[in-house]
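Here is a protein model to look over with a few questions about the empty space inside it and at its surface.

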Amino acid sequence: MEWIHRSEEICLAQIYLQNEAAYNCVAELGELGLVQFRDLNAEVSPFQRKYVAEIRRCDEMERKLRYLEREIKRDTIPILDTGENPEAPQPREMSDMEATFEKLEHELREVNQNEEMLKKNFAELTELKHILRKTQQFFEESDSERQAMDMLNADDGSPSHDSARLIQERGDLTAKAPLKFVAGIITREHLPAFERLLWRACRGNVFLRQAEITESLTDPTTGNPVNKVVFIVFFQGVQLKSRVKKICEGFRASVYPCPDTPQERREMSIGVMTRIEDLKTVLGQTQDHRHRVLVAAAKNVRMWMTKVQKIKSIYYILNMCNVNVTQKCLIAEVWFPVLEHDRIQMSLKRGSDESGSTVPSILHVMQNVKEKRPTYNRVNKFTRSFQNIVDAYGIASYREINPAPYTMVTFPFLFAIMFGDMGHGLIMMLFGIFLVMREKQLEAARIKDEIFQTFFGGRYVIFLMGCFSIYTGFIYNDAFSKSFNLFGSAWVNPYPKGNLTQWSIDTPEKQMFLNPDHSYFGGPYPIGVDPAWNLAETNKLNFLNSMKMKASVIIGISQMVFGVILSYHNYTYFNSRLDILYMFIPQMLFLCSIFVYLCLEIIMKWIMFDFSGGYTIFGYDYPGAGCSPALLIGLINMFMMKDRPKGFCNENDCKNGAIPQCHLNFWYPGQATVELILLVIAVTMIPIMLFAKPFLLRRKHLRLQKAVLRTPPVNDNMHENTVAILSDDQMVIRLFFITVKEDIKQPRRKLQQAVQIRSAKAAVWYP
């Protein structure tokens with residue numbers, strides 16, 4: 001059970017992996033999730049590592065899968081997520097997966113391209129249909145107007161008829177000139193500016209007719225509905241025609257050919273309707289085919305994504321390994337818990353067996369590792385949420401005491417002290433029980449809502465907070481802001497019922513007071529707060545807040561002291577005498593001098609001071625509740641070293657009444673001396689806590705530097721006996737210099753030996 005108290009013991013090991021078994025071994029270690037790989041190629045660029053091509057292939061497959069997922073979500077097709085954890089595919093399966101994803105992407109892009117083209121043609125034909133229909137209405141209206149004018153001209157002459165005939169003759173003269181028109185469609189927002197520019201650019205020599213399309217059209221590019229207007233522009237001359245078309249292009253108005261005769265317009269309209277019906281059929285078939293492809297892909301896209309991510313992670317880990325000089329094996333360095341050595345060994349064996357390798361993978365634990373080791377805290381579904389709370393504030397160093405087990409009690413209890421309501425606590429507890437009892441069903445539902453995931457992840461925290469809130473609510477005697485008289489109140493009503501009735505009629509705002517001398521009988525309430533306090537409108541909050549505040553101070557300071565005691569166990573575990581002398585002892589003295597002293601005063605005030613008074617406390621006569629010590633102001637006076645009277649009465653005589661502001665006086669003998677000593681200790685500990693440890697560490701560092709500078713030069717006669725008298729740090733530096741010097745002198749010695757051998761051979765051949 002040591003892993004609950006401290007982080008697990010971690011060791012560093014080297015793993016020798018055969019090339020053909022490396023992929024499967026890393027996959028097995030990844031499924032186990034108990035090792036942390038070190039990057040042995042940190043100085044190598046990511047683009048120059050061995051498996052960079054495989055990682056790029058995985059990136060390309062991820063891109064294709066993200067494209068498929070985006071298209072599936074666009075069609076609001078539910079993606080199947082069974083929650084299964086598939087095994088990592090073999091390297092030979094990558095080609096099949098790439099081919100499958102390439103085929104799906106190509107097919108989907110081709111279908112989307114065809115669908116977009118069909119939608120564009122459908123939109124153009126729909127616009128042309130509206131143009132032909134509205135244009136026909138324009139010409140029919142003009143024909144009816146001309147017939148009405150002819151009927152007016154046929155009547156007998158009056159001045160008005162003569163003027164109408166004259167206008168008709170002028171119209172006939174102008175009608176003999178060739179009149180052309182351009183028809184098209186423009187968005188409703190651009191119509192006012194289009195009309196204004198057309199009038200100014202053509203100097204009023206054009207005639208514009210317009211009609212709004214009642215139904216909204218769909219933009220083939222974005223798919224959003226747009227409102228458009230049909231327009232027809234009449235003009236004369238070639239120059240005006242080119243000018244009108246340029247203005248239409250500038251406003252992105254769609255211009256369509258429109259026949260001049262009604263018969264041609266009817267025939268063209270019939271052809272357009274036929275083509276629209278054909279396009280609807282083809283477009284529906286295209287959309288059905290696209291939907292079938294996406295539905296089939298939605299069943300496997302999450303599993304495919306998991307497999308690709310596993311493949312990518314495996315090759316990413318393999319890039320962190322060193323390649324042996326023989327190019328036949330990879331060397332990896334991993335951190336892992338010592339207790340999991342056998343499981344890791346079995347995982348490596350399974351990976352080697354799956355790959356068919358005849359050479360097993362070797363796990364070699366490295367000894368005497370001086371590097372800082374990572375922290376690993378084993379968790380389960382109950383402790384995980386509490387561990388996350390602790391890690392949010394900071395992760396403990398290697399082999400330090402893990403605060404999470406103590407947080408399981410302190411965190412919900414401190415919340416309950418603040419919350420303190422049986423009714424609301426019961427609701428929280430029931431909600432936590434529901435999440436715990438249905439955790440398997442809720443996990444299988446795969447709910448992605450962030451707020452729900454927060455509640456579900458902290459289900460055990462919610463359950464414990466509810467349980468502790470019920471307890472503190474019982475202590476506070478509070479349930480939905482109501483109290484329960486379970487054991488009978490010790491307070492009684494001293495007023496006659498008739499007087500109360502009369503007072504409620506005559507003076508309804510009159511406040512009633514219960515004097516403990518006449519209204520309090522019996523002992524304290526057995527558990528918690530007496531329910532009579534719920535009826536007190538004047539001093540209810542003063543009493544309850546004072547009680548809760550004092551209880552919170554005691555519990556909070558107790559937790560602080562407990563944390564400092566845990567740090568002492570850490571210092572003793574690591575044999576850090578410096579931290580014990582200059583961190584733990586000053587911190588404990590500082591806490592005890594101020595805060596623990598305050599807690600003791602709170603407890604003594606609860607035990608020794610009551611309402612009635614009339615007795616002696618520490619040799620001082622205590623007259624009553626008005627003279628009970630004010631601890632907060634007393635703590636301030638302690639820091640100000642303010643002189644105050646001693647006791648509560650003048651010369652121990654309370655017959656003439658208590659001293660004014662007796663609650664601020666010294667209430668036990670020698671209080672001024674004790675508080676002065678405690679204050680001096682607390683102030684003295686502050687610079688020790690802040691500066692002692694850094695100063696000593698810096699002094700040690702400077703001494704080490706001076707010792708290195710005073711080290712004599714290395715010569716050939718220096719042996720291990722010389723090094724043995726030095727300190728550990730100096731020994732490392734000295735051995736480094738010896739090694740460097742020996743490496744420099746080694747080629748010279750080899751050259752001298754070669755010359756001696758060559759001279760000996762020459763002496764043999766040429767005596």
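Q: What volume does the largest pocket have, and what makes it a pocket?
A: The largest pocket has a volume of about 2100 Å³, a volume being the space filled by probe spheres set on grid points joined across faces, edges and corners. It is called a pocket because, on a 1 Å grid over the protein atoms alone, its points form an open set with protein on both sides within 12 Å along at least five of seven lines. The model is predicted, with local features needing pLDDT of at least 70 and side-chain atom pairs pLDDT 80 or more, while totals for chains, interfaces and linings use all residues. Residues are numbered from 1 along each chain, and side-chain values use heavy atoms, without hydrogens and water.

Q: How do you know which residues line the largest pocket?
A: A lining residue has an atom within 4 Å of a point, and of the 49 residues that line this pocket, Trp491, Val529, Trp533, Asn539 and Phe543 are the closest to its centre. Helix H19 (540-573) gives the largest share, seven residues, where a helix is a DSSP run of H or I with at least four residues, numbered from the N terminus.

Q: Why is the other kind of space called a cavity, and how many are there of 30 Å³ or more?
A: In a cavity a 1.4 Å probe fits but cannot get out, which means that the set of points is closed to the probe, and the count comes to two cavities of 30 Å³ or more. The largest cavity holds about 90 Å³ of space, and among the residues closest to its centre are Glu601 and Trp667. Its largest lining share, four residues, comes from H21.

Note on methods: Helices (H or I, at least four residues) and strands (E, at least two) are DSSP runs, numbered from the N terminus.
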